[in-house]
Amino acid sequence: MNKPNTPPMSLADAINHRRSVRGFLPKAVPAEIMNAIFEQAQMAPSNCNTQPWHVVVASGNLRTALRDKFVERAKSGTPSKPDFSYVSRFEGVYRGRQVECAAALYGEMAIARDDTVGRNRAALRNFEFFDAPHVAFLCMDRSFGATIAVDVGIYAQTLMLSMTAHGVSSCAMGSLRSHPDLVRDAFDLDENMGILFGICFGYEDPEVPANNTRTSRVPVSDAVTFKDH
Ligand SMILES: Cc1cc2nc3c(=O)[nH]c(=O)nc-3n(C[C@H](O)[C@H](O)[C@H](O)COP(=O)(O)O)c2cc1C
């Protein structure tokens with residue numbers, strides 16, 4: 001493998017600067033930057049080095065055609081049919097964090113809690129890929145369960161940090177697991193290849209209000225237990 005073209009951003013800076021971006025400029029990521037990013041993401045660790053991720057990236061006309069198909073499914077109310085089981089409703093502290101995150105986003109977008117039309121419009125933006133010029137779909141064999149999906153999650157964060165370090169913004173998108181047949185058709189994927197989620201990416205449009213969204217995290221003491229006896 002070629003040595004990754006590592007730009008001068010520290011790991012700490014990449015971790016701190018990465019955030020979900022939901023509005024992009026119509027400017028493609030140049031091929032050499034795209035290659036450097038995906039080259040670096042390959043360094044992600046995995047169970048027995050099985051590297052179980054299979055990633056397909058739609059750009060240009062294919063991205064537009066896929067976007068139109070996702071939008072059409074959303075507008076027609078076609079029920080989603082994800083390949084893997086997922087949590088449809090969070091409870092307790094998780095629900096609280098979900099509500100806080102949605103409030104931060106809708107607050108920036110000036111969408112009130114009872115504004116159903118605004119919320120539907122905001123949801124549709126997912127299927128428009130937030131205007132991103134590229135969308136990656138993270139796939140793995142459908143027979144793999146949660147333990148192997150962990151590897152793909154680790155890959156995804158490695159990928160998004162590499163994007164950040166190269167000045168490229170991203171948003172991981174569970175919503176794009178909803179119609180896996182569209183992705184399999186577009187890339188002629190085997191039926192066994194399951195779609196876990198998408199990541200849209202490109203250059204941030206600083207004029208989009210949603211991009212002012214900032215999320216918080218619970219303190220380490222709520223998330224990690226240290227014990228030595
Ligand atoms: C696996 C995964 C799926 C996600 N799906 C969506 C999505 O469908 N739509 C969306 O707008 N954001 C989505 N997000 C972004 C989260 O809302 C975001 O990561 C979280 O609120 C923390 O904010 P930050 O990424 O800006 O730090 C997803 C994030 C992850 C990791």
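A polar contact is a pair of N or O atoms within 3.5 Å. That cut-off underlies the ligand distances in the first view. The model shown in every view is predicted.

**View 1. Polar contacts of the ligand with S20, A172 and S175.**
Three residues are picked out here. A nitrogen atom of the ligand sits 3.1 Å from a polar backbone atom of A172. That separation falls within 3.5 Å, so the pair meets the distance cut-off for a polar contact. The side chain of S20 places an N or O atom 2.6 Å from an oxygen atom of the ligand. S175 also uses its side chain: a polar atom there is 2.7 Å from a ligand oxygen. Taken alone, the ligand exposes 620 Å². The protein buries 68% of that area.

**View 2. The shell of 14 residues around the ligand.**
The closest members of the shell are S20, R22, N126, G174 and S175. By residue class, the shell divides into 5 nonpolar, 5 polar and 4 charged. Which element gives the largest share of the shell? Strand β3, spanning residues 169-173, does so with 3 residues. Most of β3 is itself covered: 4 of its 5 residues are buried, so the strand is largely enclosed by the rest of the structure.

**View 3. An open sheet of 4 strands.**
The strand order is β1-β2-β4-β3, and the pairing is antiparallel. β1 (54-59) and β3 stand at the edges. Each edge strand has a single partner, so one of its sides has no neighbour in the sheet. From one strand to the next, the twist averages 25°. In a regular strand, side chains alternate between the two faces of the sheet.

**View 4. The pairing of β2 with β4.**
β2 covers residues 134-141, and β4 covers residues 193-202. These two strands pair in the antiparallel sense over 8 bridges. Which residue of β4 stands opposite V135? C200 takes that place. Further along, L138 has F197 of β4 as its bridge partner. How many residues of β4 are buried? The count is 10 of 10, and β4 is described as mostly covered.

**View 5. The pairing of β3 with β4.**
β3 and β4 run antiparallel and are joined by 5 bridges. S169 has G202 of β4 as its bridge partner. M173 is bridged to G198 of β4. β3 is also the strand that gives 3 residues to the ligand shell.

**View 6. A side-chain contact between Q40 and S162.**
Q40 belongs to helix α2, which spans residues 31-41. Its side chain joins that of S162 through a polar contact of 2.6 Å. Is Q40 buried or exposed? The relative accessibility of Q40 is 19%, and buried means under 20%, so Q40 counts as buried.

**View 7. N211 and R19.**
N211 lies in the loop between β4 and α8 (220-223). At 2% relative accessibility, N211 counts as buried. Along the chain, N211 and R19 are 192 residues apart. In space, 9.1 Å separates their C-alpha atoms.

**View 8. Positive phi at C48 and D131.**
Most residues other than glycine have a negative phi. C48 is not a glycine, yet its phi is positive, at about 55°. C48 is found in the loop between α2 and β1. With a relative accessibility of 72%, C48 counts as exposed. D131, also not a glycine, has a positive phi of about 65°. The loop that holds D131 runs between α5 (116-127) and β2. At 35% relative accessibility, D131 counts as partly exposed.

Notes:
Residues are numbered from 1 along each chain as its sequence is written. This is a predicted model: local features need pLDDT of at least 70, side-chain atom pairs count only at pLDDT 80 or more; totals for chains, interfaces and linings use all residues. Side-chain values use heavy atoms; hydrogens and water are left out. Buried means under 20% relative accessible area, exposed over 50%, partly exposed in between (1.4 Å probe, protein chains only). A polar contact is a pair of N or O atoms within 3.5 Å; within protein, one must be able to donate a hydrogen and the other to accept it, and residues adjacent in sequence count only if both atoms are side-chain atoms. A residue is near a molecule or strand if one of its heavy atoms lies within 4 Å of it. Accessible areas come from the Shrake-Rupley method with a 1.4 Å probe; for residues, only the protein chains shown count as cover. Ala, Val, Leu, Ile, Met, Phe, Trp, Tyr, Cys and Pro count as nonpolar, Asp, Glu, Lys and Arg as charged, and the others, Gly among them, as polar. Two strands pair if DSSP finds at least two bridges between them. Axes are lines fitted to C-alpha atoms, for helices over the stretch in contact, and angles run from 0 to 180 degrees between N-to-C directions.
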